[in-house]
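User: Please take me slowly through one helix of this model, from where the chain leaves it to what lies around it.

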Amino acid sequence: MPTNRSLRTELQAAASLLRDGGDLGYAEAVNAVLAPGGWKELRDTDTDGTETNMAIRIEQRYRDAVVTAAAKRVTITSVVNEGFQKYLAGEFTPRPRVQGRRTTGEKVVNLNVRPNAALHGQVRESGVLPMHVAHDYLLFRFKVGPYAEGYTEPLPSGTDRVPMVPRAVRDLIRDKAAAIGHIVHDDMNEGFQKYLAGEFRPVAPEWPAGVEMAPLKVRPNNDLFDEVKVAARSARGGAPELRPMQIGLAYVLEKYGIDPAATS
């Protein structure tokens, strides 16, 4: 090996070899160290063997966004350690923890990290859950969820509503919502609000005859649901009264670009 070798050049070559070999995760880790300030990220992960296992309970869409953003430049563990340090220094205050999981039907998963054990212990001794600090700091650092530009807090979920729709339409609704990281009844609530504001004129969906029907479980906000029910009754003007779920479904189908007559 030449004595005047360039460590940066060799690491860049190593990253290229890893990428060519399909080891994208390892390649991104090398690139993270090579990036400006990358040595700080490496330092923050140096725990002298005193790390601890921690599973962060996080919404799947947020987890995916965090992992995608972190892969470009940092390790998630180093960001969690950074969040603990800033919290302990009074430079970061997590949002208040909501007691009890909001009933949205949104999938929640584990994001496993190995933060510095000493930092983890100090955060725990301060009286807050380290998992909560880590969760909120990750969202803050990567501008995800409540920290994303233009974010509006979803309305509280309401009573279970289970309209019957063609199975193919139900599957399309679920797939479309998952693809854009939405909860179906949050979009229904949006449709209700636009209907009440006169910005949406619904047409009741007409399902093809003889298709297999299936339940679509949603939980739109109760207050909005009741307001729409009253408004629809007073606005019918001799026309058949639309039910709130017809209005909500009509909006979701339009928003997701789904044809009510879809069969596959």
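Analyst: A good place to start is the far end of helix α7, which is followed by Lys143, a residue whose phi is positive, near 55°. The model is predicted, so local features need pLDDT of at least 70 and side-chain atom pairs count only at pLDDT 80 or more, while totals for chains, interfaces and linings use all residues. Residues are numbered from 1 along each chain as its sequence is written, and side-chain values use heavy atoms, with hydrogens and water left out.

Helix α7 covers residues 130-141 (helices are DSSP runs of H or I with at least four residues, strands are runs of E with at least two, and both are numbered from the N terminus). Its twelve residues, at 1.5 Å a residue, should span 16 Å (1.5 Å times one less than the number of residues), and this agrees with its end C-alpha atoms, which lie 16 Å apart.

Because nine of these twelve residues are buried (under 20% relative accessible area, with a 1.4 Å probe and protein chains only), α7 is largely enclosed by the rest of the structure. The buried residues begin with Pro130 and include His132, Val133, Ala134, His135 and Asp136, along with Tyr137, Leu138 and Leu139. Around them lie the strands β1 (54-59) and β2 (108-113) and the helices α4 (60-71), α5 (76-88) and α6 (117-125), against which the buried residues of α7 pack, where contact means heavy atoms within 4.5 Å.

Elsewhere in the model, another helix contact joins Val169, Ile173, Lys176 and Ala177 of α8 to Leu249, Val252, Leu253 and Tyr256 of α11.

Conventions: Buried < 20%, exposed > 50% of the residue type's maximum accessible area, 1.4 Å probe, protein only.
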